[in-house]
Amino acid sequence: MKSLFSSMLFLLSFLFFLANNGEAAVPCTTVDANAAACLGFATGMAAKPSDACCNGLRQLAQTVKSVDDKKAICRCLKVGAKSLGIQDRFLAMIPQACNIKVDFPVSVNTNCET
């Protein structure tokens, strides 16, 4: 079940590319726990992201201390994203719906290494 949530969250990981300092990568268990509530919206089953989704993403963003953290989050989320039925059009709406500033497109096709 965690791999399902982490897959969906791959695309949301870009929301967290805001920090530049630190050393330790964010573990997938942390990513899964913070982004799990977004699955309903990202698959088109919910009309809008829940408060739990937005709050979880904000908490995850606060854990980012380095570029390596950002890449780790992205890799966690990318695992199995397509098998979950994640839809780009819904993922792209999450930053605005959650009032989170993102300076890049959110997509299932994002390269985690860049």
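## Close-up views of a predicted model

**Figure 1. Leu57, a residue inside the protein.** Leu57 is buried. Why does Leu57 count as buried? Its relative accessible area is 0%, and because the cut-off for buried residues is under 20%, Leu57 qualifies. The structure in this and every other view is a predicted model. To find Leu57 along the chain, look in helix H4. A useful partner to locate is Val31: the two residues are 26 positions apart in sequence, and their C-alpha atoms are 8.8 Å apart in space. Leu57 also returns in the next two views, once in a helix pair and once in a nonpolar core.

**Figure 2. Helices H2 and H4 side by side.** Let's start with how such a pair is described. Two packed helices are characterised by the distance between their axes and by the angle between those axes. Here helix H2 covers residues 28-35 and helix H4 covers residues 51-63. Their axes come within 7 Å and cross at roughly 150°. How do H2 and H4 run relative to each other, roughly parallel or roughly antiparallel? They are roughly antiparallel, because angles over 145 degrees fall in that class. On the H2 side, the residues that take part are Thr30, Val31, Asn34 and Ala35. From H4, they meet Cys53, Gly56, Leu57, Gln59, Leu60 and Thr63. Sorted by type, the residues of this contact comprise 5 nonpolar, 5 polar and no charged.

**Figure 3. The largest nonpolar core and a second core.** This view goes to the inside of the protein. The largest nonpolar core holds 18 residues. Which residues have the most contacts inside this core? They are Cys53, Leu57, Ile86, Leu91, Ile94, Cys98 and Ile100. Helices H3, H4 and H6 (88-91) each contribute at least two residues to this core. Apart from this core lies another one, made of 7 residues, including Val26, Ile73, Cys76 and Leu77.

**Figure 4. The disulfide between Cys28 and Cys76.** Here the sulfur atoms of two cysteines are joined, with an S to S distance of 1.9 Å. The torsion about this S-S bond is about -90°, so the disulfide is left-handed. Cys28 sits in helix H2 and Cys76 in helix H5 (residues 67-78), and this pair links distant parts of the chain, 48 residues apart. Are the two ends buried or partly exposed? Cys28 has 36% relative accessibility and therefore counts as partly exposed. Cys76, at 4%, counts as buried.

**Figure 5. The disulfide between Cys38 and Cys53.** The sulfur atoms of this pair are 1.9 Å apart. With a torsion of about 100° around the S-S bond, the link of Cys38 and Cys53 is right-handed. Cys38 is found in the loop between H2 and helix H3 (39-42), and Cys53 in helix H4, with their positions 15 residues apart in the chain. The relative accessible area of Cys38 is 0%, so Cys38 is buried. Cys53 is buried too, with a value of 0%.

**Figure 6. Cys54, Cys98 and the neighbouring Asn99.** A disulfide joins Cys54 to Cys98, with 2.0 Å from S to S. The torsion about the bond is -70°, and the link is left-handed. Cys54 belongs to helix H4 and Cys98 to the segment after helix H7 (94-97), so the pair ties together parts that are 44 residues apart in sequence. Both Cys54 and Cys98 are buried. Leaving aside residues up to four places away in sequence, Cys98 touches Pro49, Cys53, Cys54 and Arg58. Now look at Asn99, which also lies in the segment after H7. Asn99 is exposed, with a relative accessible area of 68%. Its phi angle is near 60°, a positive value in a residue other than glycine.

**Figure 7. The whole protein, for orientation.** How many helices and strands does the protein have? There are 7 helices and 0 strands. The count of disulfides comes to 4. Numbering the bonded cysteines along the chain gives the pattern 1-6, 2-3, 4-7, 5-8. Of the 114 residues in the protein, 48% are buried. Finally, take the contacts between residues at least 6 apart in sequence: 84% of them join residues at least 24 apart.

Terms used: Residues numbered from 1 in each chain as written. Predicted model: local features only at pLDDT ≥ 70, side-chain atom pairs only at ≥ 80, totals over all residues. Heavy atoms only, no water. Axes fitted to C-alpha atoms, helices over the stretch in contact; angles between N-to-C directions. Helix = DSSP H or I, 4+ residues; strand = E, 2+ residues; numbered from the N terminus. Parallel < 35°, antiparallel > 145°, perpendicular 65-115°, else oblique. Contact = heavy atoms within 4.5 Å. Nonpolar A, V, L, I, M, F, W, Y, C, P; charged D, E, K, R; others polar. Disulfide = S-S within 2.5 Å. Buried < 20%, exposed > 50% of the residue type's maximum accessible area, 1.4 Å probe, protein only. Core = buried A, V, L, I, M, F, W, Y, C linked by side-chain atoms within 4.5 Å.
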